Amino acid sequence: MEISGKSKPQPVNMKAVKPIEATPESFKEYGQVLEASPDGEEFGPKDAQLNLSQGIPRFYIMKLEKRSLKFSTITHHAKVTQCLGSIGGGVWYLGVAKPSIVETKENAGSDAMQSKCGHFYVPPAVDKVQVFRISGSKFIKLNIGTWHAGPLFKPETMDFYNLELSDTNVVDHTTHNFKQQDGIVFVIDD
């Protein structure tokens with residue numbers, strides 16, 4: 001029943017997701033897990049394979065507060081890789097889904113949408129979202145277009161370093177809202 005022209009809100013379902021530990025092997029479809037290497041080791045495949053060619057790189061420390069272990073939105077960047085890591089190696093979590101950027105709407109069928117940033121993409125499927133636990137002295141490099149939610153963590157606050165472009169969150173930020181579009185909120189079960 002509609003009241004005053006407004007429809008009833010969609011029912012929301014909580015979807016519990018068990019995280020898996022982020023390793024170079026488990027995370028390879030989404031990006032890279034990078035760990036310490038000996039000083040003097042030459043550049044190679046274990047190093048971050050970055051694409052920061054679309055603008056001015058920005059490396060900064062984010063102070064994040066109250067990021068509970070649940071999420072309903074997920075974001076991707078279509079022009080840049082992104083690196084995230086906790087200062088001090090504390091445990092944190094990241095929800096991800098594979099990149100789904102498409103060349104044209106015709107290539108993707110009826111599910112394709114156009115981002116406010118101009119590119120086309122297919123929204124991530126609820127059953128394709130994976131959550132990773134990142135612990136210790138390592139960081140994550142996200143491939144271009146990898147959907148991500150987080151960093152999420154249990155303490156009240158955590159500091160993270162972030163490498164992206166200086167304007168990534170202004171001109172290259174596409175978000176899918178699972179709560180609005182799918183009636184889903186993900187809860188990390190750890």
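In this predicted model, K63 forms a salt bridge with D159, in which the closest N and O atoms are 3.2 Å apart. K63 belongs to strand β4 (residues 57-65) and D159 to strand β15 (residues 157-165), so this pair ties together parts of the chain that are 96 residues apart in sequence. The two partners have their own degrees of accessibility: K63 counts as exposed at 56% relative accessibility, while D159 is partly exposed, with a relative accessible area of 29%.

**Salt bridges**

Side chains of opposite charge can pair when their charged atoms come close. A search of the whole structure finds 7 salt bridges, and the table sets out three of them, including the pair just described.

| Pair | N to O distance | Separation in sequence |
|---|---|---|
| K63 and D159 | 3.2 Å | 96 residues |
| E21 and K138 | 3.3 Å | 117 residues |
| R133 and D190 | 3.0 Å | 57 residues |

The side chains of E21 and K138 meet in a salt bridge. Since E21 lies in strand β2 (residues 20-21) and K138 in strand β13 (residues 138-142), this pair too ties together distant parts of the sequence, 117 residues apart. E21 is partly exposed, with a relative accessible area of 26%, whereas K138, at 11% relative accessibility, counts as buried.

R133 and D190 likewise meet through their side chains in a salt bridge, and the pair links distant parts of the chain, with R133 in strand β12 (residues 130-134) and D190 in the segment after β17 (184-188). D190 is partly exposed, at a relative accessible area of 38%. Through salt bridges that share partners, E21, R133, K138 and D190 are joined into one network.

**Strand β13 and its pairings**

Strand β13, which holds K138, has 4 of its 5 residues buried, so it is largely enclosed by the rest of the structure. Strand β3 (residues 31-35) pairs with β13 in the antiparallel sense over 5 bridges, and G31 has L142 as its bridge partner in β13. Strand β7 also pairs with β13 in the antiparallel sense, here over 3 bridges, with I140 of β13 serving as the bridge partner of L84.

**The surroundings of S86**

S86 is found in strand β7 (residues 82-86) and is buried, its relative accessible area being 5%. Although S86 and D159 are separated by 73 residues in sequence, their C-alpha atoms are 6.0 Å apart in space. When neighbours within four places in sequence are left aside, S86 is in contact with W92, M158, D159, F160 and Y161. D159 thus appears both among the contacts of S86 and as the salt-bridge partner of K63. In addition, a polar atom of the S86 side chain lies 3.1 Å from the backbone oxygen of G90.

**The largest pocket**

Rolling a probe the size of a water molecule over the atoms shows where empty space is left. The largest pocket has a volume of about 420 Å³. It is lined by 24 residues, of which R67, T75, H148, A149 and G150 are the closest to its centre. The elements that give two or more residues to this lining are β4, β5 (70-71), β6 (73-76), β7, β14 (147-152) and β15. Among these elements, β14 gives the most, with 5 residues. The list also includes β4 and β15, the strands in which K63 and D159 lie, together with β7, the strand of S86.

Methods: Residues are numbered from 1 along each chain as its sequence is written. This is a predicted model: local features need pLDDT of at least 70, side-chain atom pairs count only at pLDDT 80 or more; totals for chains, interfaces and linings use all residues. Side-chain values use heavy atoms; hydrogens and water are left out. Buried means under 20% relative accessible area, exposed over 50%, partly exposed in between (1.4 Å probe, protein chains only). Contact means heavy atoms within 4.5 Å. A polar contact is a pair of N or O atoms within 3.5 Å; within protein, one must be able to donate a hydrogen and the other to accept it, and residues adjacent in sequence count only if both atoms are side-chain atoms. A salt bridge is a side-chain nitrogen of Lys or Arg within 4 Å of a carboxyl oxygen of Asp or Glu. Two strands pair if DSSP finds at least two bridges between them. On a 1 Å grid over the protein atoms alone, a cavity is a set of points where a 1.4 Å probe fits but cannot get out, and a pocket is an open set with protein on both sides within 12 Å along at least five of seven lines; lining residues have an atom within 4 Å of a point. Grid points are joined across faces, edges and corners, and a volume is the space filled by probe spheres set on the points.
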